[in-house]
Amino acid sequence: MELIINDNGALRVVSKNIKKGEVSEVLKNLIVTLRNNPAGYNIAAPQIGINKRIVFINVVKPLILINPKIIEFKYTIPYIENCISFPQRLFETNRYAFIKVRAENFK
């Protein structure tokens with residue numbers, strides 16, 4: 001899959017829940033795309049043109065969030081971040097120091 005970059009409107013569309021039968025194929029595409037973009041630590045389906053709610057996060061150990069929903073958040077902090085869909089750009093934004101997420105299990 002090709003990575004969607006810069007100000008492509010596809011990155012702003014609200015995603016739909018992903019169905020069980022779609023997870024494996026989309027996840028495979030997310031992992032391959034992230035491996036081909038080593039500056040990234042995570043990727044979501046809209047970044048590869050798939051309007052579904054699935055995220056692959058590869059930090060300490062890989063984490064897959066299927067149909068995630070933030071259910072609690074606290075403490076806004078300033079943060080500078082990058083995104084593989086916006087190469088060579090940094091963004092100053094506010095993030096939460098703590099979030100609680102509910103998501104479906106991959107298995």
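# Exercises on a predicted fold

Glu72 is partly exposed, with a relative accessible area of 30%. That value comes from a predicted model, and the exercises below all use this model. Have the structure open as you work.

## Exercise 1: Salt bridges

Task: Find the salt-bridge partner of Glu72, then work out which parts of the chain are linked by Lys52 and Glu22 and by Arg95 and Glu81.

Solution.

Step 1. Start with the overall count: the whole structure has 4 salt bridges. Three of them are taken up here, beginning with Glu72, whose partner is Lys74, with 3.7 Å between the closest N and O atoms. Lys74 has 35% relative accessibility, so it counts as partly exposed.

Step 2. Move to Arg95 and Glu81, whose side chains form a salt bridge at 2.9 Å, N to O. Because Arg95 belongs to strand β4 and Glu81 to strand β3, this pair ties together parts 14 residues apart in sequence. Arg95, at 40% relative accessibility, is partly exposed; Glu81 is partly exposed at 21%.

Step 3. Now take Lys52 and Glu22, which meet through their side chains at 3.6 Å, N to O. Here the bridge joins distant parts of the chain, 30 residues apart: Lys52 is in the loop between β1 and β2, while Glu22 is in helix α1.

Step 4. Check the accessibility of this pair. The cut-off for buried is under 20%. Lys52 has 19% relative accessibility, so it counts as buried, whereas Glu22, at 26%, counts as partly exposed.

## Exercise 2: A glutamine in a loop

Task: Decide whether Gln47 is buried or exposed, and list what surrounds this residue.

Solution.

Step 1. Locate the residue: Gln47 sits in the loop that runs between β1 (42–44) and β2 (54–58).

Step 2. Read the accessibility. Gln47 is buried because its relative accessibility is 9%.

Step 3. Look for a polar partner. The Gln47 side chain comes to 2.8 Å from the backbone nitrogen of Ala44.

Step 4. Collect the contacts, setting aside neighbours within four places in sequence. Gln47 then touches Glu2, Leu3, Ile4, Leu11, Asn42, Cys83, Ile84 and Ser85.

## Exercise 3: Nonpolar residues, inside and outside

Task: Name the elements that give two or more residues to the largest nonpolar core and to the nonpolar surface patch.

Solution.

Step 1. A general point helps first: nonpolar side chains in soluble globular proteins tend to be buried together.

Step 2. The largest nonpolar core here has 15 residues, and those touching the most other members are Ile18, Val26, Leu30, Ile43, Ile54 and Phe56. Two or more residues come from each of α1 (20–35) and β2. The top contributor is α1, with 5 residues.

Step 3. Zoom in on Phe56. Not counting residues up to four places away in sequence, its contacts include Leu27, Leu30, Ile31, Leu34, Tyr41 and Ile43.

Step 4. Turn to the surface. A nonpolar patch there consists of Ile70, Phe73, Tyr96, Ile99 and Val101, which together have about 450 Å² of accessible area. The elements giving two or more residues to this patch are β3 (62–83) and β4 (86–104). Of these, β4 gives the most, with 3 residues.

Step 5. Use Phe73 as an example from the patch: this residue lies in strand β3 and is partly exposed, with a relative accessible area of 46%.

## Exercise 4: Two positive phi angles

Task: Compare the setting of Asn67 with that of Gln88: which strand holds each residue, and is each one buried or exposed?

Solution.

Step 1. Note the backbone. Asn67 is not a glycine, yet has a positive phi of about 50 degrees. Gln88 is not a glycine either, and has a positive phi of about 60 degrees.

Step 2. Place the residues. Asn67 is found in strand β3, Gln88 in strand β4.

Step 3. Apply the accessibility values. Asn67 counts as buried because its relative accessibility is 9%, and Gln88 is exposed because its relative accessible area is 85%.

## Exercise 5: Sequence distance and space

Task: Find how far apart in space Val32 and Met1 are, and do the same for Lys69 and Tyr79.

Solution.

Step 1. Val32, in helix α1, is 31 residues from Met1 in sequence; their C-alpha atoms are 8.1 Å apart.

Step 2. Lys69, in strand β3, is 10 residues from Tyr79 in sequence, with 21 Å between their C-alpha atoms.

Step 3. Finish with the surroundings of Lys69. This residue is exposed, at 53% relative accessible area, and beyond its neighbours within four places in sequence it contacts Arg53, Lys100, Val101 and Arg102.

Key
Residues numbered from 1 in each chain as written. Predicted model: local features only at pLDDT ≥ 70, side-chain atom pairs only at ≥ 80, totals over all residues. Heavy atoms only, no water. Helix = DSSP H or I, 4+ residues; strand = E, 2+ residues; numbered from the N terminus. Buried < 20%, exposed > 50% of the residue type's maximum accessible area, 1.4 Å probe, protein only. Polar contact = N/O pair within 3.5 Å; in protein donor to acceptor, adjacent residues only side chain to side chain. Contact = heavy atoms within 4.5 Å. Patch = residues over 30% accessible without salt bridge, like charges linked within 9 Å, V, L, I, M, F, W, Y side chains within 5 Å. Areas by Shrake-Rupley, 256 points an atom, 1.4 Å probe, with all protein chains shown as cover. Core = buried A, V, L, I, M, F, W, Y, C linked by side-chain atoms within 4.5 Å.
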